Structures are given as C-alpha cells and as structure tokens.
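Me: I have a new structure open and want to learn how to read it. Where should we start?

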Amino acid sequence: MKTNSILFIAALWMPVVWLGTGASAQVPTQPSVGQQPTGAAASGQQPGAQQAAGTGAIVAQPGTTPGTGTSIPSQPGINSTGGTPSINPSEGPVNLQPNVITSFNSGLGLAPTGLKPSGQTGNGQAFTLQEAIDFALQKNVNVRNGQLDAVSAEARIREVKASGLPQVAASASLTDNLIIQRAFLPAVFFNPNASPDAPAVPVQFGVAYSSNASVNLNQVIYSASLNVGLRAAATYRELAQRNLQSTKVTVAEQVAKAYYGVLVAVERAKLLDYNIGRLDTLLNETGALNRQGFVEKLDVQRLEVQANNLRAERQNVQNLIELSYTLLKFQMGLGVNDEITLSERLLDRSADDLRPLISPDPTFQYQSRIEYSTLETQIKLAEQDIELTQKGYLPSASGFANYGYNSGRNAFSQLVTDPWFNFATIGISLQVPIFDGFQKRNQIAQKRITLQKAQNNGELLRNSIDLQIRQSSITLKNSLQTLQTQQRNRDLAQEIVRVTQIKYKEGVGSSIEVLNAEASYREAQTNYFSSLYDFLITKVDQDRSLGRLYVGN
C-alpha cells in the first residue's frame, strides 16, 4: 500500500518538477529601449502577425470620412454609417491607475481602458475592449486548454486521495486439473512392516476440478508518505489555478494589443480619406484656375499624381484592414468569417495628458506577477517532494480482511450441486524499511538540487522582473517623448499647409510648395499615430511587467 501511494505522488509530481525547472525560468523579454514592441504571440498564435497595425496597417472604423462622404465599413463586407472622426485635442483629464483593478487596465483616458463609446454600429457583434477580453477568456483555445488542465489536475488530486480510502476487490477462479501431479511417499506410510528400501508409493493429491470466490478488503492505517501526498495535492491545485491565471493574463495582453492596433489604424484610415478629400478639393480648384489660365497644366498633373498615389495607398490600407480584424478575431477565439464591430475609439490625447501614466508604482510587490506566484508554488511542491521521500524511512501499517468460498470435486457437475465451504481471514500488515541500498538517500540528494535550482530561478526571476520594469519604464518615457515630438510636428505641418495654401491662392506661392506641405502633413499624421500606437503598446507592456494588466478569476 505504501508503494502504491508513493507511485501516485511521484506521478503527480514528476511533470511539475519538469515544468518548474524548465518553463518557470523562462522570463519574457521586453523590447530593447527605443524598439517598437511587436506583440509577440504565445503558443498557438501566428508569430509576427501583430506587426501589421504597428507598421502601417490601417483598419477603418464605421463612419463617414470628412470631405469625401465615403463610408468606411467596420470590416470588409460590412457597411455602416456614423459621425466624422475627432481630430481635436484631448477631451478631459487622464484617469490615473485605479486603486482597485478588477479586470483589464491600461490607465488611459476617461475610462480604465482609455476609450470612449464610438456611437457607431455595424452588422457584427459590438465589443468594447473589456468585452473583447472577457469574450476571449471564454473562447480562446489557450484559455480553454488551461481550464482543461485545471480539471485534469482535480482528477489527479482525487486519484491521490483515493489511495487512502478502503480498497475492495473481488476475485473468482475455476481450475481444471487435466493431469493431477503425484507425490511420492515412503512405503512405510501404507505398510508399517515394509522394508526401508522399498520403493516409494506415488500418491495423487487434489481433485479434477477446484474453484474459489472471495472478497478482499485493504485499508491503510498509517502511512507518512500518504499524508504528505494529500498535502501536496492541495498545492498542486493551487499550481494549476496559477497556470490558468497566467494564460488569461497572456490572452488579455494579446487581445488588448490587437484591439489598440485596430483602433489606431482606424484613425489613420480616416485621416487618409480626409487627406484624399482635401487633395481632391485642391485638384478641382487648381483645374478651374488652369482653365482660366492662372496656373499651368503641370500643376494640375502634379496634383493628379498625388491623388493617384493616395488612392493606391488607401487600397493597400484596405487590404490591411482585413488582416488587422482577422488578428483580433483570432486572439478572441472567433472564426475568421465572423463579423464584429468595435464600439470604442481612441481619444486624441496630448502628450502632457499622458505624462502622469509613466510614474512608477511604489506599491509593487513581486507576488503581483503571476509568474513569481507560480514559481513560489513550484518551490513549495519541491519541498513537499523531498519530505515525501524522507517519510519513506518510516514504517507503514495496513489492515486486510478476506472472506470467500471454495470447493473441489472430481466431477464438474458436483461443483454446482455440492455445497461450498467458506473461509475468512483478518489481519494487520506492518512494513518497516531497514536498508534500501541508499536509494532514498540519493533520491533526496537529487531533489534537493532540484529545489535549489528552483530557488535560483526565483532569484533570476526577481532580477528579470526588475529589469523588465526598468526597461518598460524607459521605453514608455521614450515613447512619450516621441509622441510629444510627433504631435508638435503634426501641428507645425498643419500650420505650414494652411499658410502655403493661402500663399498659393494669393499668387505668391507655387504648387510645389503646396504639394510638399501636404506630403509633410500626411507624413506627420502617420508618424503621430505610429508613435501613439507605440505608446499604447508599451503601456500594456509596463502594466504586464508590474502585474497589473489583468486581475481576475
């Protein structure tokens, strides 16, 4: 019984030891200072897919583009209408980190997500950022597999506990002795006067048919190893729950980055269509001036080239729209053909409004990181594994009871017609280990090394967390500085466009100056939203490093 309990606990612990010495030491690396985060995918995610929106992927949000009247679908194949995009400065104060984090938290804007209702509708199901994360935590394959692992852990725990319950088994046998073995007895057994040298007499013992039926009961009375195993079962349950929570944090991070990528791309798409409308207006005005003889045909042709280039770029953007939505639906656990609508949009915030978000968190504790809590649980299991082996030096006791019937006849029919005879036994079995060739001693030495490695991994993880926090903080500061610069460049470029258009209409400027100003303005707008995307992603990375990205069940 003691051996069975040890085998059960060993089977429970071996995969945990393997995970604790391998997977737990792996710490996700943060992007280098100044590097744009790529949103690396976890297991089962398409690597590199997150880069689409970060490098120019533009996804249109439902609404009407200003200046053109063009309807931008929520995703390809879905038509909707709505208001014009907001390109005004920030609307309201920044909501700093809440004291209580209930679910996802980015620390942006008027709400914990930094988003506000878009007021737009589509054919597909509408999702806020929080709703998208909640949906993913129900449908994402990685989360579902983590939940199955937790259920499997519960079954394994019950398996360990079952070894301490009474074990009842029934058995039955029927034997046909085709050739009954004979035994040789001295002749004096049959004839007292026989000579000692007389040959032995063969005697047949047994019957042609024998049968047996019994019920056996075994119960562990005392086993120190089993007691440790029952305590380890509770720790194993805790480990399974922490692994599930870690999976949920990863999924929340992936969905948030994909959602932000779509929203940033939406604003860029709207501005692109807005610029197309502005250029078309300028083209029409220049064409009228050309027909009146005030400007050359070359000026009109330059504008036509710019308009054609913008429309070609818009077509490329439309192709990237589908990719960005597909990535978001993939992270949420939806099918690629499912229709969705994003019911929130980004606020156009100034860098000064976002500056308070980069302040450090003085209340941070290592236990806030799910990876650290998981490693602590693995260390606890390693200590219990050593204790389990040490308890193998102690004796164990178990009780047993048997009850049954047997019969033996020379005719098969007599097994049914003649009565059977009952028997019963009861007793206690005591096992005292004396010497095992130093087997357990060497096992304990190995497990102590495993524990020490796990403790070393804890030191490495603490240093890695410190590095991640420092790196994400520096990267976030750099992103904010870049955002502030690009915001200033965008405002300057807009002013330059306004002045050059006035000069051109007054006849003191050239069309080339207008075209260059328009191109610089579009580039400044693109750079602004790229830097805004970088800031949002690095903010998510910082929240992940501080363990405040997602806290839930």
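Reply: Start with a rule for charged pairs. A salt bridge is a side-chain nitrogen of Lys or Arg within 4 Å of a carboxyl oxygen of Asp or Glu. Keep in mind that this model is predicted.

Me: How many salt bridges does the rule give here?

Reply: The general idea comes first. Side chains of opposite charge can pair when their charged atoms come close. In this structure, the count is 17 salt bridges.

Me: Which residue forms a salt bridge with Arg-498?

Reply: Glu-495 does, and the closest N and O atoms are 2.5 Å apart. Both residues belong to helix 10. They sit 3 residues apart, about one turn of the helix.

Me: Why does that spacing suit a pair in a helix?

Reply: An α-helix has 3.6 residues a turn, so residues three or four places apart point the same way. Now look at the cover. Arg-498 is partly exposed because its relative accessibility is 44%. Glu-495 is also partly exposed, with a relative accessible area of 38%.

Me: Are Arg-369 and Glu-371 buried or exposed?

Reply: Both are buried. Their side chains meet in a salt bridge, at 3.0 Å from N to O.

Me: What distance separates N and O in the salt bridge of Asp-543 and Arg-548?

Reply: That distance is 2.8 Å. Check the cover again. Asp-543 has 0% relative accessibility, so Asp-543 counts as buried. Arg-548 is buried too, with a relative accessible area of 6%.

Me: Which residues do shared salt-bridge partners join into one network?

Reply: The network holds Glu-253, Lys-257, Arg-369, Glu-371, Asp-541 and Arg-544. Arg-369 and Glu-371 are the buried pair from before.

Me: Let's step back. How many helices and strands are in the chain?

Reply: There are 11 helices and 12 strands. The chain has 553 residues, and 45% of them are buried. The accessible surface comes to about 27,900 Å². Carbon and sulfur atoms own 55% of that surface.

Me: What share of contacts comes from residues 24 or more positions apart?

Reply: Take the contacts in the chain with a separation of 6 or more. Residues 24 or more positions apart account for 81% of them.

Me: How do I compare a helix with its expected reach?

Reply: Go from the first C-alpha to the last, then set that beside the expected span at 1.5 Å a residue. Helix 6 covers residues 297-332, which is 36 residues. Helix 6 reaches 53 Å, close to the 52 Å expected. Gly-333 follows helix 6 and has a positive phi, near 85°.

Me: What reach does helix 8 have?

Reply: Helix 8 spans residues 370-390, with 21 residues. Its reach is 31 Å, close to the 30 Å expected. Helix 8 is mostly covered, with 16 of its 21 residues buried.

Me: Now the strands. In which sense do strand 8 and strand 11 run?

Reply: They run antiparallel. Strand 8 is residues 209-222, strand 11 is residues 396-409, and 13 bridges join them. To follow one bridge, go from Ala-213 to its partner Tyr-405 in strand 11. Strand 11 also pairs with strand 12, again in the antiparallel sense, over 11 bridges. There, Asn-402 has Thr-425 of strand 12 as its bridge partner.

Me: Which residues make the nonpolar surface patch?

Reply: Leu-430, Val-432, Ile-434, Phe-435 and Phe-438 make it, and the patch is about 620 Å². Ile-434 sits in the loop between strand 12 (421-431) and helix 10 (439-506). Ile-434 counts as exposed because its relative accessibility is 82%.

Me: What is the sign of phi at Phe-438?

Reply: Begin with the usual case. Most residues other than glycine have a negative phi, and most peptide bonds are trans. Phe-438 is not a glycine, yet its phi is positive, about 65°. Phe-438 is in the loop between strand 12 and helix 10. With a relative accessible area of 45%, Phe-438 is partly exposed.

Me: One last residue. Where does Arg-441 lie?

Reply: Arg-441 lies in helix 10. Arg-441 counts as exposed because its relative accessibility is 54%. Gln-390 is 51 residues from Arg-441 along the chain, and their C-alpha atoms are separated by 8.3 Å.

Conventions. Residues are numbered from 1 along each chain as its sequence is written. This is a predicted model: local features need pLDDT of at least 70, side-chain atom pairs count only at pLDDT 80 or more; totals for chains, interfaces and linings use all residues. Side-chain values use heavy atoms; hydrogens and water are left out. Patches are made of residues with over 30% relative accessible area and no salt bridge: like charges are joined within 9 Å, nonpolar side chains (Val, Leu, Ile, Met, Phe, Trp, Tyr) within 5 Å. Accessible areas come from the Shrake-Rupley method with a 1.4 Å probe; for residues, only the protein chains shown count as cover. Helices (H or I, at least four residues) and strands (E, at least two) are DSSP runs, numbered from the N terminus. Buried means under 20% relative accessible area, exposed over 50%, partly exposed in between (1.4 Å probe, protein chains only). The expected span of a helix is 1.5 Å times one less than its number of residues. Contact means heavy atoms within 4.5 Å. Two strands pair if DSSP finds at least two bridges between them.
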